[in-house]
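Got the viewer open and a selection box ready? Here is a short walk with a handful of stops, and at each one I'll say what to pick and what you'll find.

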Amino acid sequence: MNQWKHRAEGAETPYIAMGPFKLRLPFLHYRFELPDYLQGLLMCAVDLAAIPLMTELLGMPFEAALAIVMLNGVLYLLHHLFGDPVVPGWITPAIPLLMAYVTTFPEGEARVHALIAFQMMLGILALFLGRTGLAARVVSLIPSAIKAGVIMGAGLAAIVVVFDEGGRFSQYPFTISIAVGLAFYLIFSRHFAKLKASGGAWATLGKLGIFPIIVLAIIIAPLFGEAPWPDVEWGISQPDFALMLSEYTVFGVGLPPLSMYVTAIPTVLAAYIVLFGDVLQSKALLDEADDMRRDEKVDYNPDRAHMIFGGRNLGMSVFGPDVVMCGPLWAAMQVVITERYKEGKAAMHSIFGGSGSFRWGTNTGLLLLPIVSLVQPILGIALALTLLIQGYVSVRIGIMEARSQRDLGIAGVIAAVLVIKGATWAFAVGVLLCLLIYGRRFFSGENDGTFTKDLTRGTTPQRPASDSTKSLHESDASLDVH
């Protein structure tokens, strides 16, 4: 029986209750979405882009790194299956922080131990916050200025990774320019939105998200001499799980010494701050989608999300330590999914159908050698594409988290410090600035009516008498922030 067909108007998609989790199975509880599945088949290129990072950092052979990517891919499915309506991914902005920490240890067993200790502690921290219910409280207690700054900084850091000296853009300038430009047009352009609404081929193209962009990159990268033509191989991928377990896990190198858990604490806290920004983004993106789709109630619970990605990190620290870590959100693809979801029930019946079908697609792609070999030459381009889309969304969502012009000023400083000095410094600067500027109102801050989203929600502006600066948006109370 297809239970998803009988969802009441405004109700949640059917599920099986499992304590804090809500089990949903494809075809039974949600409609399988073919466009999102097809995107996943080629977007596994981004998952595979973790392989060069692991081979560079740990000296890991391709086949062992592929095993870790595939194991992580299976764990991605846990989010939508257990009630978290997101497309999970890496903790992308924290990758440079982790790589800098791990490289302080000599390559070999010590470096593997450092990675295991870090990821194990990160997983335990997230599980603790989720299980105790503290995660949701953390989300609500963090001052708006700090929320805005962390999210903006994560977005800017993702962009810097692409355009920094020696970054992906310098390797693939023409392909990235064309692919990213077209992707932004297809996803964010008002002009293309009108074309999609007209139906026909434009509507079909819009449903495919960034699937056609990856296909285009496979073709134009060799034409510009920025990548070789793919050498397509046939068969099933052959990851080396035995090598992974024997050389890069606790089953081969044993548990790290206690000292490594202690030295990892600052990096764990810094990574969690960035990870926390992804939780905020998840909530903001899903709130936007929920506002536009009144036919389905979207239940996003930060505590449940923490338990799922905390369990993923803890599991990976034991069975396959991962440089890219297990994050709560792949922002670029979440945007693609939610933008199509906003188009209505005919386009996507449930948000779980979109996010779940996409991750079933990426897992299928990782298994098929023709797809792995097809996208292998453009792994760097796929990574740059998702980083730039994430950067765009993070900056937009971060700005909208602010509730006043003072918040925006604080957030800008936090974001800059995050990019230059890292998350720990950024958080410290944010706390100090909020204390200096808001004092006793550290947690509540202020709402000066800068954003019409606050006015339309019935919130009374709290503009200080001494602040004579006028909001750019106050004259247009009808501005649609979505």
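**Stop 1: a helix pair**

Select H5 and H16: H5 passes H16 in a right-handed crossing. Keep in mind throughout that this is a predicted model. To see who does the touching, show side chains for Phe118, Met121, Leu122, Leu125 and Leu129 on H5, and for Ile265, Thr267, Val268, Ala271, Tyr272 and Leu275 on H16. Color that set by residue type and you get 10 nonpolar residues, one polar and no charged.

Now zoom out to the full helices, residues 109–131 for H5 and 265–292 for H16. Their axes come within 10 Å of each other and cross at roughly 50 degrees. H5 and H16 are therefore oblique to each other, since oblique covers what is left once angles under 35 degrees, over 145 and from 65 to 115 have been given other names.

**Stop 2: another helix pair**

Next, pick H9 (residues 173–188) and H10 (residues 190–197). How do the axes of these two helices cross, and within what distance do they come? The crossing is at roughly 55 degrees, and the axes come within 6 Å. That makes H9 and H10 oblique to each other as well, and H9 passes H10 in a right-handed crossing.

For the contact itself, select Tyr185, Leu186 and Phe188 on the H9 side, then Arg190, His191, Phe192 and Leu195 on the H10 side. Sorted by type, the contact residues of H9 with H10 come out as five nonpolar, one polar and one charged.

**Stop 3: two loop residues with positive phi**

Jump to phenylalanine 27, in the loop that runs between strand E2 (21–23) and helix H1 (34–48). Check its backbone: phi is near 75 degrees, which is a positive value in a residue other than glycine. Is phenylalanine 27 buried or exposed? Turn on the surface: its relative accessible area is 51%, so phenylalanine 27 counts as exposed, the cut-off being over 50%.

Then go to methionine 325, in the loop between helix H17 (302–319) and helix H18 (331–341). Here too phi is positive in a residue that isn't glycine, with a value near 65 degrees. Methionine 325 is buried, with 0% relative accessibility.

**Stop 4: cysteines without a bridge**

Looking for disulfides? The structure holds zero. Select cysteine 44 and draw a distance to the nearest cysteine sulfur, which belongs to cysteine 326: the gap is 18 Å. Why is cysteine 326 not bonded to cysteine 44? Their sulfurs are too far apart for a bond at 18 Å, because a disulfide calls for sulfur atoms within 2.5 Å. Try the surface view on both: cysteine 44 is buried, with a relative accessible area of 0%, and cysteine 326 is buried at 0% relative accessibility.

**Stop 5: a buried alanine**

Finish on alanine 145, which sits in helix H7 (residues 144–163). With 1% relative accessibility, alanine 145 counts as buried. What does alanine 145 touch, leaving out residues up to four places away in sequence? Show Asp407, Ile410, Ala411, Ile414 and Cys434, and you have its contacts. For one last distance, select the C-alpha atoms of alanine 145 and proline 88: these residues are 57 apart along the chain, and the two atoms are separated by 25 Å.

Conventions:
Residues numbered from 1 in each chain as written. Predicted model: local features only at pLDDT ≥ 70, side-chain atom pairs only at ≥ 80, totals over all residues. Heavy atoms only, no water. Axes fitted to C-alpha atoms, helices over the stretch in contact; angles between N-to-C directions. Helix = DSSP H or I, 4+ residues; strand = E, 2+ residues; numbered from the N terminus. Left-handed = near helix turned anticlockwise from the far one by under 90°. Contact = heavy atoms within 4.5 Å. Nonpolar A, V, L, I, M, F, W, Y, C, P; charged D, E, K, R; others polar. Buried < 20%, exposed > 50% of the residue type's maximum accessible area, 1.4 Å probe, protein only.
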